Amino acid sequence: LTPDKQISITSDGIKLLKKAKEDNIETVWDRHDAQQPQCGFCEMGLSCRICIMGPCRIDPFGEGPQTGVCGADADIIVARNLCRMIAAGAAAHSDHGRDLVEVLEAISEGKAPGYKIRDEAKLKLLAGEYGVETKDRDALSIAGDLAHSMMEDYGMRRKKVNLVSRAPIQRQKVWEKVGITPRGIDRETSEMMHRTHMGVDNNWQSLLLQGLRNALSDGWGGSMIATEVSDILFGVPSPKPTMVNAGVLKEDQVNIVVHGHNPVVSEMISLACQSPELLEKAKKLGANGINIAGVCCTGNELLMRRGIQMAGNHLMTELILSTGAVDMMIVDYQCIMPSIGKVASSYHTRMISTSDKAKFPGMEHHEFHPDNAQKKAMTIVEMAIENFANRKELFIPVKPQEAVGGFSVETIINALGGTADPLIDAIKQGKIRGAVGIVGCNNPKITHDYGHVTLTRRLIENDILVVDTGCVSVANAKAGFKVPSAIEMAGPGLKEICGALGIPPVLHLGSCVDNVRILVLVSALANALGVDISDLPVAGSAPEWYSEKAVTIGVYCVASGITTHLGPMPPVTGSKNIVELLTSGLDDVVGATFKVEPDPEKAALLIRHHIEKKRAGLGLDA
Ligand code: SF4
Ligand code: FE2
């Protein structure tokens, strides 16, 4: 099969899809087929249903209507649609951040049994950044004040989101000049929704500038808070060995799979899985232990901090159930297909939803809150143990692949000996040409993991360091890029540097909110070189993206000066002006653009060209 006819490049994906078919399971690929042909107007961003004078569509061939009932033209409609995607993505990640801030506050009030401040040093560092007094104060009272100060970031009392000051000064000046410094996290999302209401902002340029500000409010606001507070509560990640793919499920143990994004639930589940009382119960019922694995980002959160294994990424979330080996799947929110309850009903798997904001068909709802999470986790894990006896036939088609995860910016700098200098020297000498963050999801429109793995392979072969997050990190780990011996697949310069440091050429930086670690890392590099982020030989890429969150991430990367490649085309082709702005005009505004290229081989060339151009701009190879 050629890659474009093939559903997945992964051996567990292919084998489990065959099994799912034999079991008459309908998967995301079947439903994608059933939707063909998909709406061309929507694909181009030319349909609007913002008000009920509509719905309206613009005829891209110029023969039919060129405006909606209200008079909005293609530029306005495409801009509004894109901006609403940005607002939704920012809302999702930033609301995830809010949940962590609420746990931080609850801990300080003694109302979150089982949660604690695991990293006081990071708590104090953040408190310092927020101007919270730390001297002679206990951690809990600092935590309370920090939580309240972070809550103000969400509102409208500030002139700018606090952590914006982490960006290089040159970048902050760009934002001020263009007028896109984010003021408040919820404020920017709310204003974006206001501006895109019928009859408000009808200038596609000013709409898109607010889109950039909205995305920045997430990248340097809500998502950054999510990552930083997670580090305070659960620890700053450090490299740990782990295993990945469907083979991490164990025949002789109770298998619990966590799915979703927020570590607030999964951390408690992982603690309950270690409870001697529950392990004893598992033994009594014939299981040799309790095995917890992740799919999606909540798993990445556990992997980063505890080395917990990943059973798969987005497109594996239905297939993993057809192993028949998942005794329980516990979900929180985001990227959870509403189909999985139905898939699970063909097996013995118990499906549990946990968030007051995310309910699903075919799942039992057990709501977690900071005050009851510890107890709930014990009850739920006990239910999983009891379900072990109900297993029927098992099909675990592969052996697990080894990997190393857990590279926070702190550990990367540590591995380099305390400063970014060795990395900068390697870049200056040309041993490492540059660095690329490959991020984002899977999408049934693209052969599962083909985009991620192909692009990563081509970049490391050409001495470009790759950092990854989210679903990409699982794809790359499964492909074997995340063991130190993977340097054999890297070019000579990258091989030498990673070999000397004992690290793989592809570094797992975490979940999707952890893309902010990339912002912090490029800021450190830019500051060390005394330049702006947009001058660095770096790029971003989302080869298989699907979600609104990915749009927001792409936009905050570009607005931060990181030129970003997208595999699938966003729904903007209905407006020539907007395509032109996103792919070239933004260069004059924020010093970076989007590049769209579905073929990862060609994308690798585009990205390499961009990196060499930036090297030349810095006079590195003169
Ligand atoms: Fe149609 Fe305008 Fe209403 Fe959109 S806002 S549905 S283009 S009338
Ligand atoms: Fe994610």
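A pocket here is an open set of grid points where a 1.4 Å probe fits, with protein on both sides within 12 Å along at least five of seven lines. Keep that in mind as you click around, and remember that this is a predicted model.

**Stop one: the largest pocket.** Its volume comes to about 1,200 Å³. To find the middle, select Cys42, Met85, Lys445, Tyr546 and Pro571, which are the closest to the pocket's centre among its 32 lining residues. Now colour the lining by class: you should get 17 nonpolar, nine polar and six charged residues.

**Stop two: the walls.** Show helix 2 (28-34), helix 3 (40-43), strand 1 (47-48) and helix 4 (74-108), each of which gives the lining at least two residues. Helix 4 puts in the largest share, with five.

**Stop three: the domains.** Colour the chain as domain 1 (74-234), domain 2 (246-390) and domain 3 (412-617). Go back to the pocket for a second: domain 1 and domain 3 each contribute at least three residues to its lining.

**Stop four: where domain 1 meets domain 3.** Their C-alpha centres sit 23 Å apart, and the contact involves 37 residues of domain 1 and 36 of domain 3. Together the two domains bury about 3,100 Å², 72% of it on carbon and sulfur atoms. Pick out Met85, His93 and Arg171: this trio supplies 20% of the area domain 1 buries against domain 3, more than any other three residues.

**Last stop: salt bridges.** Two salt bridges cross this interface. While you're here, zoom in on Arg171 and Asp532, whose side chains form a salt bridge at 2.9 Å, N to O.

Terms used:
Residues numbered from 1 in each chain as written. Chains lettered and ligands numbered in written order. Predicted model: local features only at pLDDT ≥ 70, side-chain atom pairs only at ≥ 80, totals over all residues. Heavy atoms only, no water. 1 Å grid on protein atoms, 1.4 Å probe; cavity = no way out; pocket = protein on both sides within 12 Å on 5 of 7 lines; lining within 4 Å. Points joined across faces, edges and corners; volume = space filled by probe spheres on them. Helix = DSSP H or I, 4+ residues; strand = E, 2+ residues; numbered from the N terminus. Nonpolar A, V, L, I, M, F, W, Y, C, P; charged D, E, K, R; others polar. Domains from an automatic or database assignment. Contact = heavy atoms within 4.5 Å. Buried area = accessible area lost by both parts, 1.4 Å probe. Salt bridge = Lys/Arg side-chain N within 4 Å of Asp/Glu carboxyl O.
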